[in-house]
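Please read this note beside the model. The points follow the inside of the chain, from its empty space to its packed parts.

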Amino acid sequence: MNNLQVTSNSERIELKNEGGYVYLMIEADKENNWLYYKWRGFLLMEELKKGYNKILEVLESQKLQRALADHANIVGPWNEANEWLVNEWTPRANKLGLKYLAINTAGDLFSNISLELFLINNKNSYYTTQVFDTLEEAKSWLRKVS
C-alpha cells in the first residue's frame, strides 16, 4: 500500500488508494469557517492514518477550530485505528486548537460501533464532539457554536 495518491486543487484534497478509489475528501469550507471531510468505503489502517494526518495539516494551514466529519459512506469497522486516534491524533488536534467536531454517522453498524468505542476512549480531547444522524443537523450545530 505504498502507492497512495493525494490529489488537490486550491479548495479540495482527495486521497486515493492504490486502485484510484477516493477514500477521503477534505475541503476547507471558507464560507462557514470549518473543515469538512468525508470518508468513503472500507478503510485500512494506513489510509486512516494518512487521512487523519492530512486533516491535521489542513486544520493547521487554514487555522480552523471546527470540523465536520462525514461518516455516512464508511463501510465496516475501523477499531484498529482507535488507539492511534486517541493517543496520537487527539493530542495533536488539541495542540492545533480544534474546538468542535461534528460527526455525521454512517448507516453501517460496524462503523458506528468503532465510532462509539473511539468516543468512549477519547477522554483527553479538549474539543467538544457531537454525533448526528444527518449532515444538516451536524452543520446546524457547528453554526451555533461558531
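**Notes on the interior**

1. The model is a predicted one. By the rule used here, it has 1 cavity of 30 Å³ or more. The largest cavity holds about 60 Å³ of space.

2. The walls of the largest cavity are formed by Y37, Y52, H71, W78, L85, W89, L101, I103, L115 and F118. By class, 9 of these lining residues are nonpolar and 1 is polar, with no charged residue. As for the elements involved, α2, β6 and α3 each provide at least two residues of the lining.

3. Two of the lining residues, H71 and L85, deserve a closer look. H71 sits in strand β5. Its relative accessibility is 3%, under the 20% limit, so H71 counts as buried. Leaving out residues up to four places away in sequence, H71 touches W39, Y52, W78, I103, N104, T105, A106 and L115. Among these contacts, Y52, W78, I103 and L115 also line the largest cavity.

4. L85 belongs to helix α2. With a relative accessibility of 2%, L85 is buried too. Outside the residues up to four places away in sequence, L85 touches Y52, W78, T90 and F118. The C-alpha atom of L85 is 8.2 Å from that of N122, and the two residues are 37 apart along the chain.

5. Turning to the packed parts, the largest nonpolar core has 34 residues. Which of them touch the most other members? They are I26, L35, Y37, W39, Y52, I55 and W89. The elements that contribute two or more residues to this core are β2 (12–16), β3 (22–29), β4 (34–41), α1 (45–62), β5 (66–74), α2 (82–96), β6 (100–104) and α3 (109–121). Helix α1 contributes the most, with 6 residues. In soluble globular proteins, nonpolar side chains tend to be buried together.

6. I55 shows what such a core residue touches. Apart from neighbours within four places in sequence, I55 is in contact with L24, I26, L35, Y37, W39 and W89. Of these, I26, L35, Y37, W39 and W89 are themselves among the core residues that touch the most other members.

7. Helix α1 also holds G51. Is G51 buried or exposed? G51 is buried, with a relative accessible area of 0%. Neighbours within four places aside, G51 is in contact with L15, Y23, L24, I26 and W39. Along the chain, G51 and S111 are 60 residues apart, and their C-alpha atoms are separated by 16 Å.

8. A second core, separate from the largest one, has 9 residues, including M25, W34, A138 and L142. A138 and L142 are also buried residues of helix α4 (residues 135–144), together with W141. Seen down the axis of α4, the buried residues fall within an arc of 100 degrees, so they line one face of the helix. An α-helix has 3.6 residues a turn, so residues three or four places apart point the same way.

9. The other side of α4 has the exposed residues E136 and K144. What covers the buried residues of α4? The cover includes β4, β5, β6 and β7 (128–132). Of these strands, β4, β5 and β6 are also among the elements that give two or more residues to the largest core.

Conventions
Residues are numbered from 1 along each chain as its sequence is written. This is a predicted model: local features need pLDDT of at least 70, side-chain atom pairs count only at pLDDT 80 or more; totals for chains, interfaces and linings use all residues. Side-chain values use heavy atoms; hydrogens and water are left out. A nonpolar core is a set of buried Ala, Val, Leu, Ile, Met, Phe, Trp, Tyr and Cys residues joined through side-chain atoms within 4.5 Å. Buried means under 20% relative accessible area, exposed over 50%, partly exposed in between (1.4 Å probe, protein chains only). Helices (H or I, at least four residues) and strands (E, at least two) are DSSP runs, numbered from the N terminus. Contact means heavy atoms within 4.5 Å. On a 1 Å grid over the protein atoms alone, a cavity is a set of points where a 1.4 Å probe fits but cannot get out, and a pocket is an open set with protein on both sides within 12 Å along at least five of seven lines; lining residues have an atom within 4 Å of a point. Grid points are joined across faces, edges and corners, and a volume is the space filled by probe spheres set on the points. Ala, Val, Leu, Ile, Met, Phe, Trp, Tyr, Cys and Pro count as nonpolar, Asp, Glu, Lys and Arg as charged, and the others, Gly among them, as polar. The arc is that of the directions from the helix axis to the C-beta atoms.
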